[in-house]
Structures are given as structure tokens and as C-alpha cells.
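Work through the exercises below with the structure in view, and try each task before you read its solution.

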Amino acid sequence: MRITAFRKMMAEEFGEIRADMMARDHVFSALDNRTVDQALEAGVSTKEIWRAVCEAFEVPPERR
């Protein structure tokens, strides 16, 4: 998945402002204690990041 598609999914699920804040500020243990932005910079796949976000915020399976 491209980063632009990932960012769009984040915005659709959480709202644009919350998605941006979450990507910048929320540290995910499943991403080795990194934020979404840090994980992207480190080269973690967007699919892995999306899975971590969905697990942490209990996104229903039909929207994952």
C-alpha cells in the first residue's frame, strides 16, 4: 500500500486532524515503540503499521 493510500485510510477512520496527531504523537509498542511517522521513516511497511494502528484502536475487522 502506498503512503498516500495509508494516510487516506487513517483520515477516513479517525478524521484528518486526529490521524495527523496520532501519526506524529502516539507511540505504538507493536512498532517497536515508534510513532507512525517514525515507523514510516524507518521503512516499516504501511500494511504492518496499519495492522498496529487497527489493533491499538480496536478498528472493526470489516474496516481493516
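**Exercise 1: The overall fold**

Describe the order of the secondary structure elements and decide whether the size of the protein agrees with that of a compact globule.

Solution. Starting from the N terminus, the elements of this predicted model follow the order α-α-α-α. The count is therefore four helices and zero strands, with helices taken as DSSP runs of at least four residues. For the size, a compact globule of 64 residues would have a radius of gyration near 11 Å, and because the protein has 10 Å, the two values agree.

**Exercise 2: A pair between two helices**

Classify the ring pair of phenylalanine 6 and tryptophan 50, and state which parts of the chain the pair ties together.

Solution. A search of the whole structure gives three aromatic pairs. In the pair of phenylalanine 6 and tryptophan 50, the ring centres lie 6.2 Å apart and the planes stand at 85°, so the pair is edge-to-face, given that planes over 60 degrees apart count as such. Phenylalanine 6 belongs to helix H1 (residues 3–14) and tryptophan 50 to helix H4 (residues 46–56), so the pair ties together parts that are 44 residues apart in sequence. Both phenylalanine 6 and tryptophan 50 are buried.

**Exercise 3: A pair outside the helices**

Classify the ring pair of phenylalanine 28 and phenylalanine 57, and decide whether each residue is buried or partly exposed.

Solution. The ring centres of phenylalanine 28 and phenylalanine 57 are 6.1 Å apart with planes at 70°, so this pair is edge-to-face. Phenylalanine 28 lies in the loop between helix H2 (16–25) and helix H3 (36–41), while phenylalanine 57 lies in the segment after H4, 29 residues apart. Phenylalanine 28 has 3% relative accessibility and therefore counts as buried, whereas phenylalanine 57, at 27%, is partly exposed.

How values were computed: Residues numbered from 1 in each chain as written. Predicted model: local features only at pLDDT ≥ 70, side-chain atom pairs only at ≥ 80, totals over all residues. Heavy atoms only, no water. Rg over C-alpha atoms; globule rule 2.2 N^0.38 Å. Phe/Tyr/Trp six-rings, centres within 6.5 Å; stacked < 30°, edge-to-face > 60°. Buried < 20%, exposed > 50% of the residue type's maximum accessible area, 1.4 Å probe, protein only.
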